[in-house]
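Hello, and welcome to this one. Please have the structure open beside you, and take the points below in whatever order suits you.

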Amino acid sequence: MSTLAHTMMTAARSADSGLAGPGELDRYPYAEAPVAERVGASPWDAADPELGRMGRRAAGSRGRGLHGQLVQQLGQMIVSGDLGADRPLVPEEIGQRFEVSRTVVRESLRVLEAKGLVSARPNVGTRVRPVSDWNLLDPDIIEWRAFGPQRDDQRRELSELRWTIEPLAARLAAGHGRADVQQRLADMVEIMGHAMGQGDALTFSRADAEFHSLLIQVAGNRMLEHLSGIVSAALQVSGGPVTGCDRPNEASLVQHGRIVDALAAGDGSAAEAAVRQLLTVHPEVERVVPAPREH
């Protein structure tokens with residue numbers, strides 16, 4: 001096994017470190033209002049416990065600390081519909097519910113505003129924006145939709161997007177012949193092979209995501225390059241929370257190798273064909289891509 005493969009596999013096993021440590025918590029002692037003083041049902045009481053658990057796990061694995069955890073929690077609650085546009089998001093309520101400081105709440109809402117999920121206006125407050133305003137290409141929103149009520153639509157749309165951009169990227173990449181990228185792609189295939197042999201789905205998934213991201217980046221098209229993060233997000237969520245769209249199997253590994261060979265030969269047609277074949281070998285493609293809906 002190469003040094004790169006060993007390093008990546010070791011890192012994948014140790015990356016999920018959980019929640020931020022006590023030293024990272026920036027708590028603020030908000031006073032809890034008496035029950036009798038509360039008006040109306042709290043949106044926090046209706047939140048899905050599983051949604052909150054998933055948010056904490058995802059934020060912890062990304063190492064974002066308390067601020068990142070709150071962004072994950074609120075983002076998932078908005079995308080799932082638990083937080084709607086029928087009432088404002090009151091920073092004091094958020095601080096009480098999640099036991100965080102005013103600064104953490106304010107910065108988290110700014111992040112969500114940048115993603116198009118909320119808007120803050122004088123005399124109106126902070127409210128959830130309609131879906132048409134969301135940045136649906138944002139990797140975080142892709143993830144939140146993929147694990148929420150819209151999961152089927154999100155996974156179908158991601159699969160269709162991959163079918164649109166990846167074969168073209170492979171054809172373009174074959175004409176660039178960058179030796180460093182060629183080697184990196186070959187390294188990812190090697191890592192995937194070792195990971196499959198050891199039953200390490202997490203390492204397989206991460207090497208797979210990097211492979212496809214590199215493939216788009218080397219296409220030489222700056223607009224396509226901006227989509228590389230979206231493809232990585234798609235691989236992480238299309239087939240499940242861990243293993244990604246291309247499950248560890250021999251057919252998938254063979255097609256990745258054919259892509260590398262076609263790029264090395266400068267054969268754009270063969271590279272494009274190999275990508276299309278790769279996107280059809282998924283054993284559960286019918287589950288991942290539902291049939292068209294009737295209107």
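1. Let's begin with Arg-106, which sits in helix H5 (residues 102–114). Helices here are DSSP runs of H or I with at least four residues, strands are runs of E with at least two, and both are numbered from the N terminus. Arg-106 counts as partly exposed because its relative accessibility is 39%; buried means under 20% relative accessible area, exposed means over 50%, and partly exposed is in between (1.4 Å probe, protein chains only). Its partner to look for is Gly-95: Arg-106 and Gly-95 are 11 residues apart in sequence, and their C-alpha atoms are 9.6 Å apart in space.

2. A word on what you are looking at. This is a predicted model, in which local features need pLDDT of at least 70 and side-chain atom pairs count only at pLDDT 80 or more, while totals for chains, interfaces and linings use all residues. Residues are numbered from 1 along each chain as its sequence is written, and side-chain values use heavy atoms, with hydrogens and water left out.

3. Now the whole protein. It has 14 helices and 2 strands, and of its 295 residues, 45% are buried. Taking the contacts (heavy atoms within 4.5 Å) between residues at least 6 apart in sequence, 71% join residues at least 24 apart.

4. Just before H5 you will find Glu-99, in the loop that links helix H4 (91–98) to H5. Phi of Glu-99 is positive, near 55°, and Glu-99 is a residue other than glycine.

5. Asn-123 is another one to click on. Where does Asn-123 lie? Asn-123 is in the loop between strand E1 (118–121) and strand E2 (125–128). Asn-123 is not a glycine, yet its phi is positive at about 65°. With a relative accessible area of 86%, Asn-123 is exposed.

6. Next, please look at helix H3 (residues 65–80) against helix H6 (residues 139–146): they pack at an angle of about 55°, and their axes are 9 Å apart. Axes are lines fitted to C-alpha atoms, for helices over the stretch in contact, and angles run from 0 to 180 degrees between N-to-C directions. That angle makes H3 oblique to H6; under 35 degrees counts as roughly parallel, over 145 as roughly antiparallel, 65 to 115 as roughly perpendicular, and the rest as oblique. The crossing of H3 past H6 is right-handed, a term for the near helix being turned clockwise from the far one by less than a right angle, with anticlockwise giving left-handed.

7. Which residues in H3 and H6 meet? From H3 come Val-71, Gln-72, Gly-75, Gln-76 and Val-79, and from H6 come Asp-140, Glu-143, Trp-144 and Arg-145. This contact of H3 with H6 divides into 3 nonpolar, 3 polar and 3 charged residues. Here Ala, Val, Leu, Ile, Met, Phe, Trp, Tyr, Cys and Pro count as nonpolar, Asp, Glu, Lys and Arg as charged, and the others, Gly among them, as polar.

8. Helix H13 (residues 268–278) has a neighbour in helix H12 (residues 250–264), with axes that come within 8 Å and cross at roughly 165°. H12 and H13 are therefore roughly antiparallel, and their crossing is left-handed. Residues making the contact include His-256, Ile-259 and Leu-263 of H12, along with Ala-271, Ala-274 and Val-275 of H13. By class, the contact of H12 with H13 has 8 nonpolar, 4 polar and 1 charged residues.

9. H13 also packs with helix H7 (residues 151–173), at an angle of about 150° and with axes 7 Å apart. H7 and H13 are therefore roughly antiparallel, and the crossing of H7 and H13 is right-handed. Among the residues that meet are Trp-163, Glu-166 and Ala-170 in H7, and Ala-271, Glu-272 and Val-275 in H13. The contact of H7 with H13 has 5 nonpolar, 2 polar and 4 charged residues.

10. Finally, helix H9 (residues 201–217) holds His-212. Is His-212 buried or exposed? His-212 is buried, at a relative accessible area of 0%. Its side chain makes a polar contact with the side chain of Glu-166, at 2.5 Å; a polar contact is a pair of N or O atoms within 3.5 Å, where within protein one must be able to donate a hydrogen and the other to accept it, and residues adjacent in sequence count only if both atoms are side-chain atoms. Glu-210 is found in H9 too, and counts as partly exposed at 23% relative accessibility.
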